[in-house]
Amino acid sequence: MLVRRILVAISTVYGSMSATPAYSLDPALSIAQYKHTRWTVDDGAPPGMSFIVQGKEGFLWIGAKDGLYRFDGLTFEAIPPQRQIGDRQSVTALLAARDGSLWVGYAAGGIARYAAGVLRDAGVPNPTQHIQQLIQTRDGAIWGLLGRSERPLVRFSNGKWEDIGADWGLPRIQGVRLLEARDGTLWFAASSALYSLRAGSKRFDLSRFTLMGSGALAQGPDGNVWVADKTSARAIGPGRATRFPYLVPYTPRGRRAIFDRDGNLWGNSDSGIYRIRAPDPRGEASASMAHTKVDRFRESASLASDNVNAIVEDREGNIWVTTDQGLDRFRAVSVVAEPLLNKVPQWGNVMLAATNGEVFVGQEDGVFRVRPRGNPEQVLAAEGDAEAMCQGPDGDIWMVMQHRIVRFREQPIARLRKPVTRQSINDCAVDRHGRLFLTAGEGLIARVGNGWRIHKLADDDQTGGAMPIIVRSDGKLLTYASSRSLRVYAPPRFTDFVLGRRAAIRHLRTIYDTPDAILLGGRFGLAKVRGTSVRFLAANRAPAVSGTVGIVSTPEGDTWLMSRSNISRIATASLDRAFDDAGWNPPIRTFDFRDGLMSGGHLYGKRDAVRGGDGRLWFATMAGTVRIDPAHLPRNRLPPPVAISILRVDGVIRRDPTSFVVQPGASKIAIDFSALSLGIPERVQVRYQLDGIDDGWIDPGAVRRASYANLSPGRYRFRVIAANEDGVWNTKGAALDLTIRPTFFQSTAFLALCIVAGLLLLWLAYSVRMRQLTARVRGRFEAQLAERERIARELHDTLLQGFQGLVLRFQSVANRMPPGSSLKGAIDEALEHAEDVLTEGRNRVNDLRIASSDEDLAGAIVEEVEKLGLHPALPVSVTTEGQVRPLVVVVREELLRIAGEAIRNAVQHSGASRIEVLLLYGRRVQLSVRDDGRGLPNDVADAGSRPGHFGLVGMRERAERVGGEITIVSLPGQGTEVYVTVPGRLAYLAGRTRAERAL
C-alpha cells in the first residue's frame with residue numbers, strides 16, 4: 001500500500017504541467033454535471049479536428065483537416081507553414097516537446113516542427129507515409145508511428161532520423177499506439193499484439209498480453225499500464241489477475257485514452273466519450289459494480305459529435321475533446337445541477353431544510369430527500385405538483401401537494417384534504433403548538449380541528465407577489481399583510497407592522513429569519529427588519545439583489561441569495577453595512593452560467609435557497625434544483641501564462657516575437673497577446689503597457705490587441721500581465737522589446753546636418769549683419785574722410801596759404817630794415833615762431849589727409865602721461881601685449897583720447913596710488929585703464945556721468961564713433977576699470993580700402 005501511495009504521488013507530479021493543479025473534476029459527479037462548452041465550425045472552430053495537445057507556453061494546439069491551429073480559449077488562430085510542405089495539409093499527430101517546440105505529423109506523410117514562430121519541414125525520410133502518432137521519450141528522442149507495416153516506426157535523435165523495424169525486433173505489423181511508461185519502457189500496440197522496449201534497449205519484446213482489435217494505451221497513477229480495446233478497458237502486467245473488467249463502447253476508429261490527475265480513465269468511441277471513475281487494476285467484484293463506474297457522454301447529450309478523435313487534460317484540470325464537428329471542454333463547476341431534480345412544477349420547485357440536516361425538494365414528479373453528503377432519493381410519488389412544505393416542532397414534514405396534504409415521517413403517515421382556494425397554496429408553516437397554517441390569495445388559512453379558518457388580508461394589492469410565512473424564533477408567525485406591511489400572528493391575535501413608504505414590499509417573494517433581524521426579498525431588492533426599524537438595499541445600488549427569491553445565511557459569515565438572474569454571495573458583515581450606510585456598495589460574488597448555473601430563480605419562487613446539514617446550499621431555478629458546496633468551491637490557483645502571439649507591422653505578421661527591429665517608415669503596429677487560463681477565459685483580466693508611451697497599465701476588457709501608430713524612433717518595451725478568473729495574477733507576464741529605426745529624416749545624421757545647416761544660417765545671418773554694420777561704419781568713415789580732406793584743403797588753400805603770405809610779407813619788411821635795428825631782432829624771432837606754427841599747421845593738415853600714422857599708440861599714451869606732469873608717487877604703467885599693428889588714425893586718436901580722459905579722471909577724482917594701462921592687439925584691439933582708487937560713487941555709476949562733467953559721456957561717444965564698446969566697472973573702495981574693445985576689421989589698416997586706412 002505504501003509503495004502504491006508513493007507511485008501515485010510520483011505520477012501526479014510527473015503528469016502535471018505545473019507543481020500545483022488549478023482544480024480537478026469531481027469524480028463523484030457525472031460527465032453531464034460538469035460545465036460543458038463546445039465550439040463548432042459556426043463558432044470559428046476548424047473543421048475535422050483530429051488531435052489536440054497543450055504546449056509549454058499554454059496554448060492548445062489543434063490538428064485539423066486544413067492545417068495547424070492554436071487556441072487561447074477565445075480565438076482559433078491558423079498557423080501556416082513557412083512554405084508549402086508538399087501536398088501535406090491534414091494534421092493527424094501532434095507532440096508538444098519539452099524544449100517548447102511543437103512537432104506536427106500529416107496524413108499525407110512528413111513531419112514539421114514549429115519553433116520561434118515558424119513552422120518548418122523537419123526533413124523526415126520517406127515523407128509519404130501517414131503519421132499516426134508522435135511521442136518524446138525521456139532521453140529526448142522523437143518517435144513517430146507510421147501507417148505502414150514495414151518498419152512502422154521512425155526515431156529522431158542527435159539530429160538524425162532512423163527507421164525502426166525488424167532490426168529492432170518488430171515484425172511486419174501494423175502499429176496502433178505508442179506509450180512511454182514512467183519507468184522508461186516504450187509500449188507499442190499493434191492490431192493484435194503488444195510489444196515493449198525497455199529503457200536503453202534496442203530490441204522490442206513481445207508481451208504475453210493479447211489485444212482484441214485496435215487498442216488505446218494509458219498509464220494510471222499507480223504505474224499500471226491500461227489497454228482499452230474492443231472488449232474492455234483493463235490493466236496489464238505480469239500475473240495480473242483480472243476480475244470483472246470495465247466494458248467500454250467499441251469503436252473501429254483509432255482509440256484514445258488518458259488518466260486525469262484524479263485517476264479517472266477517459267476514452268473515446270464511436271458513440272462519444274466515456275469515463276471510468278477510479279478504476280481498480282484488479283477489476284471489480286461484480287459486473288454491476290464495474291458497470292456503475294462507467295459514465296458516458298455522447299452527441300445526444302450535446303457533444304459536438306460522436307466521432308471523437310482525441311482527449312487531453314490541460315494544466316488547469318479541464319478535459320478537452322476533439323471531434324469531426326467541433327471542440328468540447330468539460331471543467332469543474334461551482335453550481336452543480338442535479339439530474340433527478342429537473343421536473344419543475346408550474347409554480348417552481350419547493351424546498352425545505354429540515355432540522356436534522358436533510359433537504360426536501362418537491363417537484364411535479366414527487367418529493368425527493370437529500371441526506372447530508374447523499375444524493376437525491378424519492379420519498380413521495382407524484383400526487384400532483386408540490387406547492388409548499390414546512391416542518392412541525394415534532395420533526396414531521398408537511399407536504400402540500402396539488403390534490404392533498406401529506407404528513408411525512410420517514411414515510412407518509414397521514415393525508416389531509418386541502419382547503420378550497422381560488423389558486424394554489426402559496427406557503428405553509430407549523431407553529432410551536434403544532435397548528436398548521438397555509439397562505440393563499442384569500443389570506444392566512446389556519447387548520448382548526450378538521451376544518452379551516454381564513455384570516456383575510458388587510459388589503460389585496462400585492463399584484464403578483466407571494467405570501468411567504470415563517471415561524472419566528474419567538475414562536476410567532478410572520479407573513480405578508482399588504483404591499484407596505486407585515487403581519488405578526490400570535491393566535492388568536494395579530495398585529496400589522498407598517499413599513500413606512502408606500503408599496504415598500506410590493507412583489508415580496510421570500511422571508512428569512514436571522515438571529516438578529518428579518519430579511520425580506522423581492523423585486524424591490526432586500527429589506528432588513530430589526531424591531532421597528534426597516535432598512536432597504538435597493539436593486540439600483542446592488543443589481544445582484546434584484547428579484548431575490550431565496551435567502552440563506554451560513555455559519556462561515558456569508559449570505560447567499562437566489563435572484564431572477566443568478567446566485568450571489570455577500571459577506572454578512574458587508575451586507576449589514578450596506579443596510580446602515582446608503583453610500584456603501586457591498587462586494588458581491590455572482591455565480592452565473594459560466595459557473596454552471598443554467599437558469600435564474602423561478603418567477604413564482606419563494607424560499608428558493610436552503611442549507612443542508614452537510615453545508616451544501618440548494619437553490620431552485622427555472623431549470624431545476626442546483627447545489628453549491630461553499631467548502632469545496634473550485635479555485636484556480638495557477639497564474640495564467642501570458643504570451644505575445646502576433647506582432648503586426650503595417651500588415652506584416654511575426655509570430656511569438658520576443659524582440660523585433662521595426663524598419664524605418666513603419667506607421668502602424670499591432671500586438672496580439674493571450675492570457676492562457678482556459679477554464680473561464682471570459683473572466684480573465686489583462687493589463688498592458690508600452691513603456692514610454694502609456695502613462696500606466698491599460699485594461700483592454702475583452703480585447704486582446706494593442707495598437708499604436710506613428711511611434712517615434714527609439715527603444716520600447718511592451719509588457720502584458722494577467723489574472724485568472726479567481727484573481728490570481730501573473731505579474732511577470734510577457735514582454736516584447738521593440739526597436740524602431742529612424743528614417744533618414746529622423747536619423748542622427750539628419751539631425752546633425754540640420755544643426756550644421758542652422759549654424760551656417762546663423763553664421764550667414766551674423767555675417768550679413770556685420771557687413772551691414774561695417775558698411776554703416778564705413779559710410780560714416782567715408783563721410784569723415786571727405787570732411788577731413790575738405791577741411792584740409794580749405795586750411796591749406798586759405799589759412800596756411802594766407803599765413804604763408806603774411807610770413808613772406810613780414811620777412812620782406814624785416815629784410816628792408818637796417819641791420820642792427822632793435823625791431824629786426826624781435827621780428828626775426830616772431831618769424832621763427834611763425835615758421836614753427838606754420839610747420840605745425842602743415843603737420844595737422846597733413847594728418848587730416850594722410851591715411852595712417854606709424855606712431856605707436858602705447859608711445860602716444862606715454863607722451864600723454866608725461867604731459868600731465870604727474871607726481872612720481874603716482875606711477876602709471878603702460879603694457880602692450882600681442883603683435884603691434886598700425887591702426888586707423890581715427891581709432892588711434894579716439895583710443896588715445898579715451899585713455900587720457902581715464903587717466904585724468906583717476907588722477908583728479910579717485911585718489912589712486914597706481915594706474916595700469918593695458919593695450920592688447922588681437923582679433924580685437926582692447927584698451928584697459930585700471931586704478932586702485934576709491935571708485936565711482938554709486939550715484940555717478942548709476943547715472944553714467946558726473947553732474948556738470950562730460951568726461952564719461954565723451955568716452956562712450958568716442959568708443960561708439962569707431963564701432964567699439966566701452967565698459968566701466970567700479971565698486972566703492974575697489975577702484976575703477978575702463979575697458980574698451982574695437983573689432984579688428986575696423987581698427988587695423990592691413991587689407992583696408994583707402995577710406996578705411998585714412999580712418
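Select Asp836 to begin: because its relative accessibility is 52%, Asp836 counts as exposed, where exposed means over 50% relative accessible area, buried under 20% and partly exposed in between, with a 1.4 Å probe and protein chains only. This is a predicted model, in which local features need pLDDT of at least 70 and side-chain atom pairs count only at pLDDT 80 or more, while totals for chains, interfaces and linings use all residues. Residues are numbered from 1 along each chain as its sequence is written, and side-chain values use heavy atoms, with hydrogens and water left out.

Asp836 lies in helix α5, residues 822-849 (helices are DSSP runs of H or I with at least four residues, and strands are runs of E with at least two). Add Glu829, Glu832 and Glu835 to the selection, since together with Asp836 they form a negative surface patch; patches are made of residues with over 30% relative accessible area and no salt bridge, like charges being joined within 9 Å, and a salt bridge is a side-chain nitrogen of Lys or Arg within 4 Å of a carboxyl oxygen of Asp or Glu.

Next, select Arg564, in the loop between β50 (558-562) and β51 (567-571). Arg564 is partly exposed because its relative accessible area is 42%, and it belongs to a positive surface patch with Arg484, Arg502, Arg506 and Arg523.

Finally, select Cys390 and Cys428, which form a disulfide with sulfur atoms 2.4 Å apart, the rule being a pair of cysteine sulfur atoms within 2.5 Å. The pair links distant parts of the chain, with Cys390 in strand β33 (residues 386-391) and Cys428 in strand β37 (residues 427-430). Both Cys390 and Cys428 are buried.

Technical notes. Patches are made of residues with over 30% relative accessible area and no salt bridge: like charges are joined within 9 Å, nonpolar side chains (Val, Leu, Ile, Met, Phe, Trp, Tyr) within 5 Å. Accessible areas come from the Shrake-Rupley method with a 1.4 Å probe; for residues, only the protein chains shown count as cover. Lys and Arg count as positive and Asp and Glu as negative; His and the chain ends are not counted. The place of a charge is taken as NZ of Lys, CZ of Arg, CG of Asp or CD of Glu.
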